[in-house]
Amino acid sequence: MTDACGLAPAGLFSNAERAAVYRAIRERRDVRGQFRPDPVDPATLRRLLQAAHDAPSVGLSQPWNFILIRDAALRGRIHDAFASANAEAADRFPDRKALYSSLKLEGILQAPVNLCITCDRTRGGAHVLGRTHDPATDLYSTACAVQNLWLAARAEGIGVGWVSIFRPDDLRGLLHLPDHVVPVAYLCIGHVTELYRQPELQSRGWAARLPLDELILEDRWPAS
Ligand SMILES: Cc1cc2c(cc1C)N(C[C@H](O)[C@H](O)[C@H](O)COP(=O)(O)O)c1[nH]c(=O)[nH]c(=O)c1N2
């Protein structure tokens, strides 16, 4: 039932529905090496894109575009851009360079779908409700779209890996993005049969999940 203002009852989810939402959140993983080569069917991909498009956005500006990268040669060049940036990144961790170099940090060539989610910084015009004093809110909105897609993909049994190890101008050039469009997320997407139980970076000893209780603050930043 919907009333004249377009309001509908905010019904509680059933226990099973609630559990499913939390399960998707808890079991979502960043996928690099587990992609199967079989294609993602177009209807499923469409549901994932719809989930992304259902995201909140500042002033309802919906600043995203979804660039599907299908061309094999282009993917090869994108992988080259990753490899070059990754070699540079490895040098930033001199004490852990061997461990860094052993990590697989992308699935560009293995994943059947590559998707770049961009943010058009001009979407919605010069003045967007909610963005007046914080221009970055369009980027935050686009990150919300990425997370929606990532969670929906988990529920579909599809893995998603976010690759950010690019020099931004490389990706911009390869995808012919105009200056006002930011490549927020380069995603590798495909079916997976196995997922890590915890973040792969944790399993491999790179980093660990922080205890939630250490991150909850009251009223203000604690005095040091
Ligand atoms: C903005 C941003 C950028 C990146 C990532 C994530 C996000 C949010 N992550 C994935 C990241 O390593 C991963 O989310 C964490 O390690 C936690 O693991 P789970 O996502 O819980 O599996 C990521 N992973 C990777 O292998 N290569 C990458 O370039 C990136 N870049």
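**Notes on the predicted model**

1. A small detail to start with: the side chain of Ser 61 reaches the backbone oxygen of Val 58 at 2.7 Å. I count a polar contact as a pair of N or O atoms within 3.5 Å; within protein, one must be able to donate a hydrogen and the other to accept it, and residues adjacent in sequence count only if both atoms are side-chain atoms. Ser 61 sits in the loop between α2 and β1. At 10% relative accessibility, Ser 61 counts as buried (buried is under 20% relative accessible area, exposed over 50%, partly exposed in between, with a 1.4 Å probe and protein chains only). Leaving aside residues up to four places away in sequence, Ser 61 touches Arg 123 and Val 128, where contact means heavy atoms within 4.5 Å.

2. Before going further, some ground rules. This is a predicted model, so local features need pLDDT of at least 70 and side-chain atom pairs count only at pLDDT 80 or more, while totals for chains, interfaces and linings use all residues. Residues are numbered from 1 along each chain as its sequence is written, and side-chain values use heavy atoms, with hydrogens and water left out.

3. Now the overall picture. The protein has seven helices and four strands, in the order α-α-β-α-α-β-α-β-α-β-α along the sequence. Helices (H or I, at least four residues) and strands (E, at least two) are DSSP runs, numbered from the N terminus. Along the principal axes, the C-alpha atoms fill a box of roughly 60 × 50 × 40 Å. Of the 224 residues, 37% are buried. Among contacts between residues at least 6 apart in sequence, 80% join residues at least 24 apart. The accessible surface comes to about 13800 Å², and 56% of it belongs to carbon and sulfur atoms; these areas come from the Shrake-Rupley method with a 1.4 Å probe, and for residues only the protein chains shown count as cover.

4. Helix α2 is a nice one to look at. Residues 42-53 make up its 12 residues, and its end-to-end C-alpha reach of 16 Å is close to the 16 Å expected at 1.5 Å a residue (the expected span is 1.5 Å times one less than the number of residues). At its N-terminal end, Asp 41 acts as a cap, with a side-chain oxygen 3.1 Å from the backbone nitrogen of Ala 43.

5. Which residues of α2 are buried? They are Thr 44, Leu 45, Leu 48, Leu 49, Ala 51 and Ala 52. Seen down the axis of α2, these fall within an arc of 155 degrees, so they line one face of the helix; the arc is that of the directions from the helix axis to the C-beta atoms. Pro 42 and Arg 46, on the other side, are exposed. The cover over the buried residues includes β1 (64-69), β2 (113-120), α5 (137-155), β3 (158-163) and β4 (181-191).

6. Helix α5 has 19 residues and reaches 27 Å from first C-alpha to last, close to the 27 Å expected at 1.5 Å a residue. Its buried residues, among them Ala 145, Val 146, Leu 149 and Trp 150, pack against α1, α2, β1, β2, β3 and β4. Just after α5, Gly 157 takes a positive phi of about 75 degrees.

7. Ser 141 belongs to α5 and is buried at 4% relative accessibility. Its side chain reaches the backbone nitrogen of Val 58 at 2.9 Å. Beyond residues up to four places away in sequence, Ser 141 touches Pro 56, Ser 57, Val 58, Pro 63 and Trp 64.

8. Phe 35 is in the loop between α1 (15-27) and α2, and is buried with a relative accessible area of 10%. Not counting residues up to four places away in sequence, its contacts include Gly 107, Gln 110, Val 160, Cys 188 and His 191.

9. Finally, the ligand. Its surroundings include Arg 28, Arg 29, Leu 105, Val 163 and Pro 199, where near means a heavy atom within 4 Å. Oxygen atoms of the ligand appear in two polar contacts: one at 2.8 Å from a polar backbone atom of Asp 30, and one at 2.6 Å from an N or O atom in the side chain of Arg 32. A nitrogen atom of the ligand lies 3.3 Å from a backbone N or O atom of Trp 162. The protein covers 74% of the 620 Å² of accessible area that the ligand has on its own.
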